[in-house]
Amino acid sequence: MVKINPDTLVFGIIGYPLSHSLSPIMHNKAFRHKGINAVYLYFPCKKIDGVVSGMKSLSIKGLSVTIPHKEKICEYLDKIEPIAEKIKAVNTLVNKDGLVIGYNTDAYGAIRAVKDKIKELQGKRALIIGAGGAARAIAFALKEEKAYVIISNRTKKRGEALAKEIDAEFLPFSDIKRSDPDIIIQATSVGMYPEVDKVPVFLEELFRKRPLVMDIVYNPLETKFLKMAKERGCEVIPGVEMFVYQGARQFEIWTEEKAPVQLMKETVVSFLKGERDDKRD
Ligand code: ATR
């Protein structure tokens, strides 16, 4: 049980809707474990014009930012870290010395998850499926690592625009087999619960070289796309890895302490397993 007193630090998440966010259970568990006097709350909000000034006047120490506010919030910040500035999206706010600063830990989370399996990304052929906000953060981060980035997207125009912006190659789904990837990152929401039988695109040739395959979807823990990759002998990274690493980086920005990554992962995984079991009953 959390003991609230005048020194309790307040953190939270803004977005809409928020009912499915797992950030509160993950961060509260981490705060308790580290003995940090802090709480992490849900702040569902449709409009964000008062968020940054409200943070300052109420001394809210930090916020996670989720859909649909990751881009729009940038207009209100005092400072934005360089990679978030390039991505033009922020998922983490910290209120420090009177300034509210924005970070993007999605990019960091994705790269850390991939680097657990492949240490050196320079020159690796990385295929990103999707061209939305998540794909964008991952594409920039992979470029920073000097990977050879290939974007493939259902809608040609959007995919081409992202590829042009980061100087990557674009391939339509109809040509995706030419990508010949070492790494595939499924960066759309396709396959997310409850539509667990869907994949955004599939071609046997995609898995020919046995690439490392990551999915950004973390519910279910193993998406159909990952299952298909595994069946074809590929090593896979479930979306929960990226989710936990982006949260761990947030925790470290806010507290300047090392995040209890393993505990955070166990908390999220056991919640997801429990939640799905409940739904099956
Ligand atoms: P986010 O910011 O969470 O990434 P988004 O901006 O809505 O979400 O982007 C969703 C991505 O998923 C897009 O790349 C989208 O493709 P389009 O640009 O063609 O819309 C992709 N996507 C969504 N549903 C899809 C589907 N059924 N098949 C393939 N791609 C899909």
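**Reading the ligand site and two loops**

Biologist: What distance separates an oxygen atom of the ligand from a polar backbone atom of Gly 133?

Modeller: The distance is 2.9 Å. A pair of N or O atoms within 3.5 Å is read as a polar contact. Bear in mind that this is a predicted model.

Biologist: What do Ala 131 and Arg 154 place beside the ligand's oxygen atoms?

Modeller: Ala 131 offers a backbone N or O atom, 2.8 Å from a ligand oxygen. Arg 154 uses a polar side-chain atom, 2.9 Å from an oxygen atom of the ligand. The ligand exposes 640 Å² when taken alone, and the protein buries 69% of that.

Biologist: How many residues surround the ligand, and of what kinds?

Modeller: There are 13. The closest include Asn 153, Thr 155 and Arg 158. By type, the shell has 5 nonpolar, 6 polar and 2 charged residues.

Biologist: Is Asn 104 buried or exposed?

Modeller: Buried means under 20% relative accessible area. Asn 104 has 4%, so Asn 104 is buried. Asn 104 sits in the loop between strand 6 (99-103) and helix 4 (105-115). A polar atom of its side chain lies 3.2 Å from the backbone nitrogen of Ala 107.

Biologist: Why does Val 196 count as partly exposed?

Modeller: Partly exposed runs between the 20% and 50% cut-offs. Val 196 counts as partly exposed because its relative accessibility is 31%. Its place is the loop between strand 10 (183-186) and strand 11 (212-215).

Biologist: Which residues form a nonpolar surface patch with Val 196?

Modeller: Met 192 and Tyr 193. Together the three have about 230 Å² of accessible area.

Definitions and conventions:
Residues numbered from 1 in each chain as written. Predicted model: local features only at pLDDT ≥ 70, side-chain atom pairs only at ≥ 80, totals over all residues. Heavy atoms only, no water. Patch = residues over 30% accessible without salt bridge, like charges linked within 9 Å, V, L, I, M, F, W, Y side chains within 5 Å. Areas by Shrake-Rupley, 256 points an atom, 1.4 Å probe, with all protein chains shown as cover. Salt bridge = Lys/Arg side-chain N within 4 Å of Asp/Glu carboxyl O. Helix = DSSP H or I, 4+ residues; strand = E, 2+ residues; numbered from the N terminus. Buried < 20%, exposed > 50% of the residue type's maximum accessible area, 1.4 Å probe, protein only. Near = heavy atom within 4 Å. Polar contact = N/O pair within 3.5 Å; in protein donor to acceptor, adjacent residues only side chain to side chain. Nonpolar A, V, L, I, M, F, W, Y, C, P; charged D, E, K, R; others polar.
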